[in-house]
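Let's take a walk through the charged pairs in this one. Have the model open and follow along.

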Amino acid sequence: MASSMDSLFVKAQHTSLPKSLRPTSPPPDNVPKHKHVKDLKLRTKLNRQAVHAARSKALVEDAELLLTSEAGKMQVENELERTWRIGQDDIAQGAGQEAAKGRRELKLDGGPYRSRYSRNGRHLAIVGSMGHVATFDWQTGAMHAELQLQETCRDITFLQDQSFFAVAQKKYVFIYDRDGVELHRLKAHIEPTRLEFLPYHWLLASVGNTGFLKYQDTSTGHIVAEHRTKLGACHTLAQNKHNAVLHLGHSNGVVSLWTPNLPHPAVQILAHLGPVVGLSVDPSSGGRYMATSGHDGVVKVWDCRNWKGTVREWTTRGGGAELEWSARGALGVAVGGSVNVYTKPSIQTTHAAKAPPPLYLTHPIPHRPLTSVRFCPFQDILTIGHNAGLSSILVPGVGEPNFDSTEADPFENKKARREREVKGLLDKIQPDMITLDPDFVGSLAPTTQLTTAVNDTHNVPFARLPRLERLRVQGKADETELVDDEEDAAEGDGDKNDKPQSRAEKEKRKMRGKGKSVKRYLRKQRKNVIDPTAVAIRAKLEKQREEKRVAKAIEKGQIEARKPSALDRFRRP
């Protein structure tokens with residue numbers, strides 16, 4: 001067996017690439033030749049590795065030329081001009097013919113409408129409050145499904161891809177396939193208002209009028225977690241794409257962060273003086289910044305790393321605003337009858353005054369109310385849902401120009417979609433790994449602080465304290481026996497030094513405090529209960545009393561002090 005393995009290893013060492021896969025381009029210049037190496041075989045191997053490294057470096061430089069780090073933006077010629085004065089007609093005329101196709105108006109009945117793009121930005125799903133549902137490829141105009149559900153619909157979202165989508169209807173959540181065929185009715189999600197799908201965990205999350213946040217695994221069909229928020233009906237839900245934490249906005253102005261593995265909110269802050277209307281997390285900064293808006297007419301930007309206050313806040317006209325961050329860090333705010341777009345770094349820079357940041361682009365929309373704002377992935381398109389349908393406008397520089405085909409490919413075919421779905425199932429992350437700090441997974445565990453001391457003064461966590469110590473901290477410890485023993489010992493020591501007492505006084509002192517009903521109840525509760533910590537404390541106190549008694553006897557000369565011996569080192573403590 002060993003000889004066969006050795007022969008395979010030797011063959012693998014001498015295996016080379018076929019001619020069709022070998023690089024045909026000449027090697028780059030300034031490649032070291034390693035002429036100082038005398039061994040011909042070693043020199044040839046080093047030269048081959050040097051050429052390979054030089055070729056790889058050249059390919060990386062070519063890739064950097066293709067993947068531009070800065071996306072295009074609107075620029076003005078002088079300081080007196082402003083980008084927000086440029087209208088959609090001028091932008092569509094200056095952009096290319098293919099990019100100008102994103103500017104469109106969809107006039108539909110049964111509004112107001114909400115929209116949701118697929119992860120690759122190719123497909124769009126829309127839902128009207130009166131029950132009109134449609135999914136289609138917005139670039140080619142190919143319709144996938146169109147339904148008239150004839151009941152109230154509040155939200156819609158794609159699942160792992162455009163093959164399935166979920167609709168939050170009047171009473172339950174329903175899942176449909178690409179052709180509009182009803183597949184599942186999720187009766188556990190009662191009166192849902194908002195939906196979110198976590199793609200790396202395959203979890204469908206919903207929150208509704210009942211105030212419950214529920215996670216359902218779409219690969220197995222089981223309910224993973226169900227949390228009672230205790231804050232009433234919720235109409236605002238957003239996810240942090242960096243760590244998969246869900247952000248909820250409540251009617252009392254509180255914003256809470258939830259994970260499936262915690263029964264209580266991980267973070268809870270009072271963000272506004274009225275109900276929270278809009279909520280979004282910046283995906284370009286790794287989930288560091290969160291934007292909220294409320295009925296009090298204030299938009300606030302928070303730093304999710306410390307929660308010590310707002311980074312920036314300003315007042316808007318028209319009450320509550322719908323919010324959405326783009327992949328490049330632009331913030332879209334739909335309020336009143338217009339949509340405003342703000343860009344970095346002004347919205348992420350601390351500013352004391354409550355003045356709005358510099359405006360990048362604005363577009364008036366006469367159809368109120370504005371109910372949703374969605375940026376199209378990998379495109380400079382912003383889609384606004386309103387009472388008369390949908391409006392898509394061009395916002396140069398807000399979309400990510402470079403896409404990863406292994407994550408989301410706008411040009412994938414049927415075979416690539418199947419492969420990506422299977423790979424996603426194999427790489428599915430467990431819900432228990434969702435935390436505020438995703439870098440915690442895989443890090444070194446901290447050193448333990450658990451000690452064996454009974455009355456330890458170090459910084460020991462409360463959960464790791466002994467049972468008696470935890471009861472003492474909570475004020476529930478029963479130390480009547482220890483107190484009685486100490487009082488008896490003190491009285492015994494005091495009787496030796498004081499004058500002798502009469503028999504009546506001794507009986508009176510002996511029965512003091514022994515007939516109380518509370519102590520009788522506590523003694524009954526302690527019956528047949530052996531606490532190792534309490535036993536250790538009693539042994540420790542008994543040892544201290546014995547040492548005190550011996551010391552006093554030595555002082556009075558009743559006992560002769562023991563002389564140290566060389567054999568004391570072998571005595572047990």
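Glu98 is exposed in this predicted model, its relative accessible area coming out at 59%. Its salt-bridge partner is Lys101, with 3.4 Å between the closest N and O atoms. Lys101 counts as partly exposed because its relative accessibility is 43%, and partly exposed covers the range between 20% and 50%.

Now jump over to Arg116, which pairs up with Glu196 in a salt bridge at 3.8 Å, N to O. That value still makes the cut because the limit for a salt bridge is 4 Å. Arg116 sits in strand β2 (residues 113-117) and Glu196 in strand β10 (residues 192-198), so this pair ties together parts that are 80 residues apart in sequence. Are these two side chains buried or exposed? Both Arg116 and Glu196 are buried.

Next stop, helix α9, which spans residues 532-556. Here Glu546 and Arg549 are three residues apart, about one turn of the helix, and they form a salt bridge whose closest N and O atoms are 2.4 Å apart. Glu546 is partly exposed at 36% relative accessible area, and Arg549 is partly exposed too, at 43%.

Back to the strand pair for a moment, as Arg116 and Glu196 belong to a network: salt bridges with shared partners link them with Arg114 and Asp155. As for the overall tally, a search of the whole structure turns up 19 salt bridges, among them the Lys101 pair with Glu98 and the Glu546 pair with Arg549.

Notes: Residues numbered from 1 in each chain as written. Predicted model: local features only at pLDDT ≥ 70, side-chain atom pairs only at ≥ 80, totals over all residues. Heavy atoms only, no water. Salt bridge = Lys/Arg side-chain N within 4 Å of Asp/Glu carboxyl O. Buried < 20%, exposed > 50% of the residue type's maximum accessible area, 1.4 Å probe, protein only. Helix = DSSP H or I, 4+ residues; strand = E, 2+ residues; numbered from the N terminus.
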